[in-house]
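Work through the exercises below with the structure in view. Each task is followed by a solution in steps.

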Amino acid sequence: MPYTLFIGDRLFSSWSLRGWLMLEKFSIPYETTMVGLYSGTMAQDMKGMEPARTVPAMKTNVGHVLSDSLSMAETLAEENPDAGLWPKDAGARALARNLVAEMHSSFSALRGECPNNIAFVWSDFTVSDAVKKDLARIEELWALAHSRYGKEGSPWLFGEYSLADVFYAPVCCRMTTYSLPQSEFAKSYIKATLTDPAFQAWRKEALEEVHDPFPYDLAFRKADWPY
Ligand SMILES: N[C@@H](CCC(=O)N[C@@H](CS)C(=O)NCC(=O)O)C(=O)O
C-alpha cells in the first residue's frame with residue numbers, strides 16, 4: 001500500500017508543495033487527500049491523523065503518522081534508501097541536510113512578508129531590508145552547494161535533484177511572485193524549478209482552485225506568471 005499524503009490548497013500551501021515534491025519527484029507511490037486549509041474543514045479532514053495539525057502530513061503503509069515536512073523527509077529517505085532523496089556523497093549529504101534544516105527553521109521575513117501564492121506576480125512589491133537579508137543568505141547557500149557539488153549541465157543544487165531542491169522550491173515561487181532580486185544563478189535555478197514538469201503539474205491543478213475572496217490580495221500591480 002502506498003503512503004497517504006495530506007495537503008492543503010495548492011495555490012498557497014508552500015509546505016504542502018514540499019511534501020508533495022518529496023514523493024512525486026522520487027517516484028514513491030502515494031495517494032493524496034486534500035485538506036480544507038482555507039475552507040475551514042482542516043480539523044475534520046485530518047481526523048485520525050493525530051498528532052498532525054498542519055499540512056503536509058503523511059501516513060506510512062503501516063499507519064505511522066508524520067506531522068511535519070522534515071520528519072516526512074527523513075522517514076521517506078530511511079524507508080526508500082535507493083530513491084535518492086539525499087545526495088549519495090557524505091559531504092554533499094551533510095551540506096544538503098544543512099540547507100534543508102535552515103530552510104525549515106529560518107527566513108521568517110521572507111515567509112512572513114511574502115505569503116506563498118503561485119497564481120500571478122506582483123511586479124512592484126516593496127522589498128524590505130529583512131527580506132533582502134534572507135535572500136542574501138539563501139543565495140549564499142545555493143552558491144555554496146552548487147559550486148561544491150553541482151554538476152555541469154544540471155540545474156540542481158547538488159547535481160542530482162535532492163531534498164534540498166524540494167525545500168527551496170517554494171522560495172523560487174516567492175522570488176517569482178514578489179519579483180524579488182535574483183542573481184544570475186538564482187534566475188536559472190528558479191527557471192529550472194518552475195518549468196520542471198512536476199511543478200507545472202502542481203500549478204495546473206492549483207489554478208483550478210476557486211478562492212473568493214482571494215487571500216493575500218495586495219495593493220501592488222499584478223502581472224502574469226512568467227513560466
Ligand atoms: N513545520 C511545518 C509547517 C507546516 C505548516 O505551517 N503548514 C501550514 C500550511 S502551508 C498549515 O498547515 N497551516 C495551518 C495552521 O497552522 O493551522 C512543516 O514543516 O510541515
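**Exercise 1. Describe how helix H4 packs on helix H7.**

Solution. The model is a predicted one.

Step 1, handedness: the crossing in which H4 passes H7 is left-handed.

Step 2, geometry: H4 covers residues 90-105, and its axis and that of H7 come within 8 Å, crossing at roughly 30 degrees. Angles under 35 degrees count as roughly parallel, and H4 and H7 are therefore roughly parallel to each other.

Step 3, contacts: from H4, the residues Ala96, Leu99, Val100, Glu102, Met103 and His104 meet Leu163, Ala164, Phe167, Tyr168 and Val171 of H7. By type, the residues of this contact of H4 with H7 are nine nonpolar, one polar and one charged.

**Exercise 2. Treat the packing of H6 and H7 in the same manner, starting from the angle and distance of their axes.**

Solution. Step 1, geometry: helix H6 (residues 129-149) and helix H7 (residues 163-177) pack at about 130 degrees, and their axes are 13 Å apart. This angle makes H6 oblique to H7.

Step 2, handedness: H6 passes H7 in a left-handed crossing.

Step 3, contacts: on the H6 side are Leu135, Ile138, Glu139, Leu141 and Trp142, which meet Tyr168, Val171, Cys172 and Met175 in H7. Eight residues of the contact of H6 with H7 are nonpolar, none is polar and one is charged.

**Exercise 3. In what order do the four strands of the open sheet stand, and which strands are at its edges?**

Solution. Step 1, order: the open sheet is built of four strands in the order S2-S1-S3-S4, with mixed pairing.

Step 2, edges: S2 (30-34) and S4 (65-66) each have a single partner strand, so one side of each has no neighbour in the sheet.

Step 3, one pair: S3 (residues 57-59) pairs with S4 in the antiparallel sense over two bridges. In this pair Met58 stands opposite Leu66 in S4.

Step 4, the helix on the sheet: helix H1 (residues 14-24) packs on the sheet and touches S1 (3-7), S2 and S3. The direction of H1 makes about 155 degrees with that of S1.

**Exercise 4. How many helices and strands does the protein chain have, and how compact is the chain?**

Solution. Step 1, count: the protein chain has nine helices and six strands.

Step 2, compactness: its radius of gyration is 17 Å, close to the 17 Å given by the globule rule for 227 residues, so the chain is as compact as a globular protein of that length.

Step 3, extent: the C-alpha trace spans about 45 × 45 × 30 Å along its principal axes.

Methods. Residues are numbered from 1 along each chain as its sequence is written. This is a predicted model: local features need pLDDT of at least 70, side-chain atom pairs count only at pLDDT 80 or more; totals for chains, interfaces and linings use all residues. Side-chain values use heavy atoms; hydrogens and water are left out. Axes are lines fitted to C-alpha atoms, for helices over the stretch in contact, and angles run from 0 to 180 degrees between N-to-C directions. Angles under 35 degrees count as roughly parallel, over 145 as roughly antiparallel, 65 to 115 as roughly perpendicular and the rest as oblique. A crossing is left-handed if the near helix is turned anticlockwise from the far one by less than a right angle, and right-handed if clockwise. Contact means heavy atoms within 4.5 Å. Ala, Val, Leu, Ile, Met, Phe, Trp, Tyr, Cys and Pro count as nonpolar, Asp, Glu, Lys and Arg as charged, and the others, Gly among them, as polar. Two strands pair if DSSP finds at least two bridges between them. The radius of gyration is taken over C-alpha atoms; the globule rule is 2.2 Å times the number of residues to the power 0.38.
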